[in-house]
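Please look over the structure below before reading on, keeping in mind that the model is predicted. The briefing that follows takes up strands, helices and pockets in turn.

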Amino acid sequence: MNRETPLTAKPGQGALAGRRVLYTGASGGLGHQTTLDLLAQGAEVFALDRDHSKNESLRADTPPDVAARLHLLEMDLTDQPALTAKLAEITATAPLDVVINNAAIYPSKPFEEYSDAELRLVHQVNVESAIVCTRAALPGMRDQGWGRIINVTSITLTGGWENLAPYVQSKGSLLGLTRAWAREFGKWGITCNAIAPGAFPTDAEKIHPDPEGYRKFVLDHQAVKRRGTPHDIAAAILFLASDGAGFITGQNLAVDGGWNMG
Ligand SMILES: NC(=O)c1ccc[n+]([C@@H]2O[C@H](COP(=O)([O-])OP(=O)(O)OC[C@H]3O[C@@H](n4cnc5c(N)ncnc54)[C@H](O)[C@@H]3O)[C@@H](O)[C@H]2O)c1
């Protein structure tokens, strides 16, 4: 079945009115604003993040008129039995329309210093959780003939920084899954795309020893001479989640100010 049914949102309801969205890592540096933008567009958001203080900050910033559509799921993605049970509970009442696989950890050190356990943990958080979330949402999406899966990859897959071997490996896996899922799910009206953020000034960057030098390095590489903001990520996610993006699948959309092209 492939109905590609557009939702008939009433004026003022927002482009994603009625859509149920699962968003992992939703309270993070890029997720916080994107969650608010999804809510502003009418979506019901299941915002999953393990970080209590970030979750509370997201809750505090959520306007009261949309708060009823925000469901904060404070849980750890590495607890797969709990994750599977929670997803079963959510999908038992209605299908998920959009899954955004965004949560990630990004340890940085020379390759030889990673233990097997550390390598496995990055894979578990960054890749296996995406598989669990997508698997849970798939039957409902297939039955309704509409779905959007959005995997968040990274500019580091294309070039740049060293000492990120397990992270880059995990983003490569996500891109592979993006393409495989796109081919397999397209016949059911489900698209699967990735977005590859460039260098955004989030918490990870604050520990940089030379912030001004790093800023110059980033701007020198970008065609657009300003730093990216979470709104730039939100705009790409909102587009890929929309009805209008229904003919786009299997792509890795760089949101990096024109750092990488092609
Ligand atoms: N910020 C950037 O410049 C940048 C660049 C390239 C790619 N990205 C990608 O964008 C996405 C978001 O990045 P960000 O900058 O918002 O990172 P972030 O660290 O601010 O957010 C990630 C969120 O995931 C959550 N998380 C991590 N492990 C978890 C687990 N086991 N269970 C539940 N939640 C968990 C964290 O609590 C955090 O809130 C990531 O996939 C990242 O790889 C970011």
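Strand 6 (residues 190–197) and strand 7 run parallel and are joined by 4 bridges. Across this pairing, A196 stands opposite A254 in strand 7. In general, the strands of a sheet pair through backbone hydrogen bonds, and the pairing may be either parallel or antiparallel.

**The sheet**

- The open sheet is built from 7 strands in the order 3-2-1-4-5-6-7, and the pairing in this sheet is parallel.
- Strand 3 (70–74) and strand 7 (252–255) are the edge strands, each of them pairing on one side only.
- If direction is ignored, neighbouring strands of this sheet are turned against each other by 15° on average.

**A helix across the strands**

- Helix 8 (residues 230–241) lies across strand 1 (20–24), strand 4 (98–101), strand 5 (147–152), strand 6 and strand 7.
- With respect to strand 6, helix 8 runs at about 165°.

**Helix 1 and helix 2**

- The axes of helix 1 (residues 31–40) and helix 2 (residues 52–61) come within 10 Å of each other and cross at roughly 35°, and this crossing is right-handed.
- On the side of helix 1 the contact involves H32, T35 and L36, which meet S57, L58 and D61 in helix 2.
- Sorted by class, the residues in this contact of helix 1 with helix 2 are 2 nonpolar, 3 polar and 1 charged.

**The largest pocket**

- The largest pocket holds about 1400 Å³ of space, and its lining consists of 46 residues, of which A104, Y106, Y167, T202 and A204 lie nearest its centre.
- The elements that each give two or more residues to this lining are helix 1, strand 2 (44–49), helix 2, helix 5 (165–185) and helix 6 (203–206).
- Helix 6 provides the largest share of the lining of the largest pocket, namely 3 residues.
- By class, the lining of the largest pocket is made up of 21 nonpolar, 16 polar and 9 charged residues.

**The second largest pocket**

- The volume of the second largest pocket is about 170 Å³.
- Among the residues that line the second largest pocket are A196 and A254, the two residues that stand opposite each other in the pairing described at the start.
- The lining of the second largest pocket also includes S154, I155, T158, N252, D256, N260, M261 and G262.
- By class, the lining of the second largest pocket has 4 nonpolar, 5 polar and 1 charged residues.

Note on methods. Residues numbered from 1 in each chain as written. Predicted model: local features only at pLDDT ≥ 70, side-chain atom pairs only at ≥ 80, totals over all residues. Heavy atoms only, no water. Axes fitted to C-alpha atoms, helices over the stretch in contact; angles between N-to-C directions. Left-handed = near helix turned anticlockwise from the far one by under 90°. Contact = heavy atoms within 4.5 Å. Nonpolar A, V, L, I, M, F, W, Y, C, P; charged D, E, K, R; others polar. 1 Å grid on protein atoms, 1.4 Å probe; cavity = no way out; pocket = protein on both sides within 12 Å on 5 of 7 lines; lining within 4 Å. Points joined across faces, edges and corners; volume = space filled by probe spheres on them. Pairing = 2+ DSSP bridges.
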